[in-house]
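Student: I am new to this structure and would like a close look at one part of it. Please take a single residue and work outward from there.

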Amino acid sequence: MSEEKKAYDLKRLAEIAKEQGLEVLEDGAESLYVAVKIWLKESAVLSATPVDDLVMPFLDQLDPIVLKAVDKINPADNEVQ
Ligand SMILES: [Ca+2]
Ligand SMILES: [Ca+2]
């Protein structure tokens, strides 16, 4: 973008607000993912069926995939875009 920067530009304010909002969203999505994992692991222990207990150790293998996807919500703070 070769747009010239101006003082007190409302368009720039909107841009910053959007970035901040996306960052909050990104953090929220990550927290939600962690919460769901804790909930699933707790439930697997509590439930009578042994099948879910066998699956849970593999749950963390989703981390790189899910967290990478979540990181894309706000690309502005990513090292590699
Ligand atoms: Ca179980
Ligand atoms: Ca990000």
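Leaving aside its neighbours within four places in sequence, which residues is Ala-44 in contact with?

Tutor: The model is a predicted one, and what follows describes that model. Once neighbours within four places in sequence are set aside, Ala-44 is in contact with Asp-52, Asp-53 and Met-56. To see where these contacts sit, start with the place of Ala-44 itself.

Ala-44 belongs to helix 1, which covers residues 10-46. Around Ala-44 there are 18 C-beta neighbours inside 10 Å, so the residue counts as partly exposed. A residue needs 20 or more such neighbours to be called buried. One further distance helps here: Ala-44 and Leu-54 are 10 residues apart in sequence, and their C-alpha atoms are 8.8 Å apart in space.

Leu-54 is part of helix 2, made of residues 51-55. Leu-54 has 10 other C-beta atoms within 10 Å and is therefore exposed. From Leu-54 to Lys-68 the chain runs 14 residues, and the C-alpha atoms of these two are separated by 25 Å.

Between helix 1 and helix 2 there is a loop, and Thr-49 is found in it. Thr-49 counts as exposed, because it has 8 C-beta neighbours inside 10 Å. Looking back along the chain from this loop, Thr-49 and Ala-29 are 20 residues apart, with 29 Å between their C-alpha atoms.

Now take helix 1 as a whole. Helix 1 has 37 residues, and the distance from its first C-alpha to its last is 53 Å. That is close to the 54 Å expected at 1.5 Å a residue. The number of buried residues among the 37 is 0, so helix 1 lies largely in the open.

The segment before helix 1 holds Tyr-8. Phi of Tyr-8 is near 55°, a positive value in a residue that is not glycine. Most residues other than glycine have a negative phi. Tyr-8 is exposed, because 6 other C-beta atoms lie within 10 Å.

Helix 1 also meets helix 3. The axes of helix 1 and helix 3 come within 9 Å and cross at roughly 160°. An angle over 145 degrees counts as roughly antiparallel, and helix 1 and helix 3 are therefore roughly antiparallel to each other. Their crossing is right-handed. On the side of helix 1, the contact is made by Glu-26, Ala-29, Glu-30 and Tyr-33. On the side of helix 3, Val-66, Leu-67, Val-70 and Asp-71 take part. Ala-29, named above for its distance from Thr-49, is thus one of the residues in this contact.

Val-66 gives a view from the other partner. This residue lies in helix 3, residues 63-71. Val-66 has 15 C-beta neighbours inside 10 Å, so it counts as partly exposed. Val-66 and Lys-11 are 55 residues apart in sequence, and 32 Å separates their C-alpha atoms.

Last, the setting of these parts. The protein has 3 helices and 0 strands, in the order α-α-α from the N terminus on. Its C-alpha atoms fill a box of roughly 65 × 20 × 10 Å along the principal axes. The radius of gyration is 19 Å, whereas a compact globule of 81 residues would have one near 12 Å. Of the 81 residues, 0% count as buried. Ala-44, the starting point, is partly exposed, and its contacts beyond four places in sequence are Asp-52, Asp-53 and Met-56.

Technical notes:
Residues are numbered from 1 along each chain as its sequence is written. Chains are lettered from A and ligands numbered from 1 in the order in which they are written. This is a predicted model: local features need pLDDT of at least 70, side-chain atom pairs count only at pLDDT 80 or more; totals for chains, interfaces and linings use all residues. Helices (H or I, at least four residues) and strands (E, at least two) are DSSP runs, numbered from the N terminus. The radius of gyration is taken over C-alpha atoms; the globule rule is 2.2 Å times the number of residues to the power 0.38. A residue is buried if 20 or more other C-beta atoms lie within 10 Å of its own, exposed if 12 or fewer, and partly exposed in between; C-beta atoms are placed from the backbone. The expected span of a helix is 1.5 Å times one less than its number of residues. Two residues are in contact if their C-beta atoms, placed from the backbone, lie within 7 Å. Axes are lines fitted to C-alpha atoms, for helices over the stretch in contact, and angles run from 0 to 180 degrees between N-to-C directions. Angles under 35 degrees count as roughly parallel, over 145 as roughly antiparallel, 65 to 115 as roughly perpendicular and the rest as oblique. A crossing is left-handed if the near helix is turned anticlockwise from the far one by less than a right angle, and right-handed if clockwise.
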